[in-house]
Amino acid sequence: MRFRSPLLLATALVACQGSGCTPEDGDVDVLDPYDVEVGPYNATLRRTAYGIPHIEAQDTKSVFFGTGYAFAQDHLCTLADQVIKVRSERAAYFGPGDNNRHIDSDVAWKALRVVSDAERFWFDLDVDIREGLVAYAAGYNRYLDEVGPSGLPRPCRDEPWVRPITHIDLLAYYLSLGQMGSGYYLLDMIATAAPPLDTGARRRAPISLQEFGERLIPRNGSNGLALGGDETETGRGMVVSNSHFESEGERRWYELHQTVPGEVDVYGVALMGVPLVNMGFNEHVAWTHTVSTTPRFLIYALELRPGDPTRYRYNGEWVDMEIEDITIEVLNEAGQTEPYTHRLYRSHYGPMLNAPLIGWTGSLAFSYRDVNAGNINMIPAWWRMNRATSVQELAQAQDNQGIPWVHTVAADRDGQAYYADSAAAPNLSPQAEQAYQDYLSANFIARQFRDESAYVLDGQDPVFEWVDEGTELPGAVPIERSPKLFTDAWIANANENHWLSNADEPLEGYPMVFGAERAARQGRTKIAAKVAANLAKTDYRGSDGLYSLAELEQAILSYPAEHAETLLPQLIERCEGAEPVNVRWGADRVDVDLTEACDVLASWDGSLRTTARGAHLFREWIGSGEFQLGRLGPFVTFDDFSRQGAVFSDEFDPDDPLFTPSTLHEAPGSGADPILVGLAKAVLQLEELEIPLDAELGTIQFREKGGVRTPNPGGKELEGSLMIADWRGGNSTLLERQHTPRGAWINANTELTVDGYPINAGDTWVSAIAFTDDGPEARGVLVYSQSADPDSPHYNDQAAVHGAGELRDIHYTREQIQADPELVETELSYP
C-alpha cells in the first residue's frame with residue numbers, strides 16, 4: 001500500500017538531491033519523498049509490569065510499526081504537539097501567543113529548515129531506515145485511527161491539531177532534536193533579528209547575557225559509569241545510566257524493548273518519538289550518554305557598513321546578507337487563519353540573531369553557524385549502536401558523526417569499557433585557536449559571551465572558517481581527533497569534558513572546542529569518579545575489591561555528595577562549641593546559636609536519601625549567599641567549591657584532581673567567620689519557614705504529580721550530589737503541565753520554596769546493567785513512569801519505587817517476560 005502526497009513534481013525535484021534520487025526506468029515519482037510503500041507489517045506487542053512494551057517481529061520495519069503503535073498509546077499527545085511545532089503551525093492553531101511566542105516559534109523553525117531538510121535529505125538515508133520511519137509513522141497512525149480524536153488522552157482529546165503524521169514529520173522532528181544544543185535555545189533570537197532600518201520588523205529587546213548563558217548550559221545533565229573487567233566480580237562489563245532531564249515534555253524518555261530474532265535484541269530508553277533505543281543494552285554491549293558541554297555552534301560578530309546594516313565586512317570586502325521572506329498562518333480573533341510574512345536575514349555563516357544584551361545595531365550584528373544543522377545521521381548512528389557486538393563496534397557506529405550533543409560511556413560482555421565525546425563539533429584550525437585567544441584579549445564583548453559559555457569570533461576574518469577535512473559533516477572535527485578511551489578499568493562522566501573520564505588515564509591534547517584540560521572539576525564529576533573507582537569514603541565493593549551488580553546499585557543509591565564527603569567533617573569540627581554568631585537578617589542583626597545545627601550535622605550520614613536528616617541544612621549552608629557558586633560549562637569553572645577561595649584554603653592540583661582542593665579555611669583571627677555566618681543564615685532561613693533542622697529530606701523534597709506527593713531522594717549540583725533532584729523549565733510543549741506548579745523561590749540558590757523543594761527534573765532514567773556468563777542482568781527505574789496519560793495506571797506507578805530509593809527488575813529474556821503475571825500480549829498488523 002502506498003502513501004502519496006499531492007507534492008508537485010517541481011518541489012520533489014528540488015527536495016531530492018541525494019544519491020538515491022536517480023529515477024529508475026523513467027519513473028520520476030521516485031523523486032517525491034512522500035511517495036512511499038506502507039506495509040505490510042506484523043508485530044507482537046507484549047506489555048509487562050509498569051506498562052513496559054516488548055515489541056517483537058520478524059523484520060525491523062514491523063518492529064518499528066509496533067513501536068510506533070505502543071508509543072502512541074502512551075505519548076501520542078507529546079509527539080503530535082512537537083510535529084506541529086517543527087512544521088511551524090502553532091500560530092495557525094493557537095494564535096500568535098503571549099508576546100507572539102507562537103509566531104516566533106513558527107518563524108524560527110522555518111528559518112532552521114528542518115522540514116525542507118527532511119524532504120531534501122530523505123533519500124540519503126539507507127533504505128532500511130527509511131522503511132523503519134515509514135513503519136513507525138504507520139503504527140502511530142494506526143493507533144490514532146483506532147481510538148479516534150475522542151479516545152485520546154485528556155491533554156489532546158478532540159484537538160484539531162492532532163492528525164496523522166508522516167515519515168517526513170518524524171525526520172524533521174529528529175533534525176530539531178539534533179539542534180537541542182544549539183538552535184533549540186536561539187529560536188526567539190532568530191525570529192526577532194532585524195536591522196535597525198527595517199521599519200516593518202517586530203522588535204523586541206534582547207535578552208540578558210545571564211539568561212543566554214542559562215539557556216546554553218541548562219541543567220540537562222547525566223551521569224555515566226562504566227566498569228571494565230578489571231573492576232568487576234565477573235570480569236565482564238557493567239554500566240550505570242543516570243539521566244537528568246525534565247520529567248515532562250519532549251525530553252522525557254520512553255522505555256522499550258525491541259527484538260528481531262537473529263538481528264537485534266535491544267532494551268533501553270528513547271527520547272519521545274524516536275523509533276529505537278538511545279541508551280540501553282543488548283546481549284553484547286551496554287551504553288549510556290551524558291550531555292556534553294562542547295559547543296555545537298559558534299557566534300560571529302559582524303562589522304556592518306555605515307548606513308547599510310545588511311552588509312557586513314568579510315575578508316576586506318562588503319558582503320550582502322541573504323534576505324528570505326517566510327510566510328506562516330496565524331489564527332486571528334475571529335477564528336480564521338491569515339497569512340503572516342516575516343523577513344529573515346542570514347550571513348554566509350547562518351541565521352542572524354537578536355543578540356543578547358546588544359541586539360542588532362547600526363554598526364554591529366551577530367550570526368551563527370551550527371554543526372548539527374541538517375545532520376540526518378542521528379538515527380543511522382543509533383541504528384548501528386543498537387546492533388553493536390562490542391564497544392569497538394559501538395565506537396565505529398558513531399563514525400558518521402550522528403551523535404549530536406552527548407558523551408558516550410559504555411562497556412561490553414568481554415570486559416572492555418569505552419568513553420567518547422564523539423558528538424559533532426566545529427573544526428577550527430590551530431591558527432584560529434590562537435587568533436581566538438588574541439581576539440578574546442582585545443574584545444570585551446567576546447569575553448562577556450565567554451563568561452556565559454559561548455564563543456564569539458571575529459566574523460570578518462576568514463581564519464575562523466571551519467576546516468573541512470572530508471568528514472561526514474562538513475567543517476566538523478574529524479572523529480579520529482575527538483576524545484575517546486578504551487580501558488579494562490573504570491570510566492565516569494558527569495557532563496564535564498573528557499579530561500577526567502578516568503583519572504588514572506587523563507585525556508589531554510584535544511582541540512580547544514572540547515574544553516579546558518587540567519582544570520578544576522565540579523563536585524559531581526569528582527563523586528562520580530570516586531564511586532566508579534571505589535575511592536569514596538564508603539567502601540561499596542566489599543572485601544574482594546570488585547563490584548557486583550548489587551554493590552554497584554547500592555553505591556549509586558546511597559545518594560552520595562562530594563561536598564558532604566569532603567567538607568562535612570570539617571564543618572562539624574568548626575561549629576562544635578562555637579559561640580553564637582551575629583549576622584544581619586533582613587533589617588536586623590541577630591545572634592544565632594549553632595548548637596542544634598551542629599548536632600544535626602553531626603548525626604547526618606552525609607547521604608541524600610529521603611530518610612536523611614540534616615541534608616537540607618547542609619544545602620542551605622552552601623547556598624547561604626556567603627559563597628560564590630559556579631555553573632557547569634565548557635570553560636574553567638570559578639566557584640568557591642571547586643577552587644581556592646572563600647571555602648578552601650588549598651589550591652586545585654591537576655595531578656591530584658579528585659582530592660583537591662579539600663581543606664576548609666581556618667577561622668579568621670578576628671571578625672566574622674564566613675563559614676559559620678553561612679551556617680547561621682541557613683538556620684535562620686529554615687526557622688523562618690518553620691522547617692525543622694532535623695527534618696527528613698523526603699518530608700520537604702518531593703514530586704507532586706496528579707495530586708500525589710512522593711518523597712524524592714537526591715540533591716543539587718551545588719552539593720556535588722551524584723543523583724540530581726531539582727526544578728527546571730525546558731518543556732517546549734503546549735500541553736498541560738503534569739507536576740503541581742511550584743511556589744516562588746525563597747532561596748534561588750537552593751530552589752527552596754515555602755513548601756520545601758518541589759521536584760520536576762533531575763534523575764529520570766536510572767539503571768544498572770551487568771554482563772554475566774548467562775547474558776545481561778539489569779535493574780532500573782523510569783522515575784516519572786511510562787505513560788503521559790493521566791488516566792493510565794502507568795502514569796505515576798514507578799514514583800514509589802524511586803521514592804524508596806530502589807530499582808526494579810528489568811525483563812529482558814523471553815522467560816522473564818513470559819513469567820510476568822501482568823503480561824498482556826497483542827498482535828498487530830497492517831494492513
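This report looks at one strand and one pocket in a predicted model.

## Strand β4 and its burial

Let's start with β4, which covers residues 52-56. Five of its five residues are buried, so the strand is largely enclosed by the rest of the structure. Buried here means under 20% relative accessible area.

As for where the side chains go, Ile52, His54 and Glu56 point one way from β4, while Pro53 and Ile55 point the other way. That fits a general pattern: in a regular strand, side chains alternate between the two faces of the sheet.

## Neighbours of β4

β4 pairs with β3 (residues 41-48), and the two run antiparallel with five bridges joining them. One of the bridge partners is easy to pick out: threonine 48 is matched with isoleucine 52 in β4. The two strands form a hairpin with three residues between them, and there tyrosine 50 takes a positive phi near 70°.

β4 also pairs with β7 (residues 253-260), this time in parallel, through three bridges. Here glutamate 56 has threonine 259 of β7 as its bridge partner.

## The second largest pocket

Now for some empty space: the second largest pocket has a volume of about 720 Å³. It is lined by 29 residues, and those closest to its centre are Asp117, Arg120, Asp370, Ala373 and Gly374.

Which elements each supply at least two residues of that lining? They are the helices α4 (101-112) and α5 (114-121), along with strand β17 (364-370). Sorted by class, the lining of this pocket comes out as twelve nonpolar, ten charged and seven polar residues.

Definitions and conventions:
Residues numbered from 1 in each chain as written. Predicted model: local features only at pLDDT ≥ 70, side-chain atom pairs only at ≥ 80, totals over all residues. Heavy atoms only, no water. 1 Å grid on protein atoms, 1.4 Å probe; cavity = no way out; pocket = protein on both sides within 12 Å on 5 of 7 lines; lining within 4 Å. Points joined across faces, edges and corners; volume = space filled by probe spheres on them. Helix = DSSP H or I, 4+ residues; strand = E, 2+ residues; numbered from the N terminus. Nonpolar A, V, L, I, M, F, W, Y, C, P; charged D, E, K, R; others polar. Buried < 20%, exposed > 50% of the residue type's maximum accessible area, 1.4 Å probe, protein only. Pairing = 2+ DSSP bridges.
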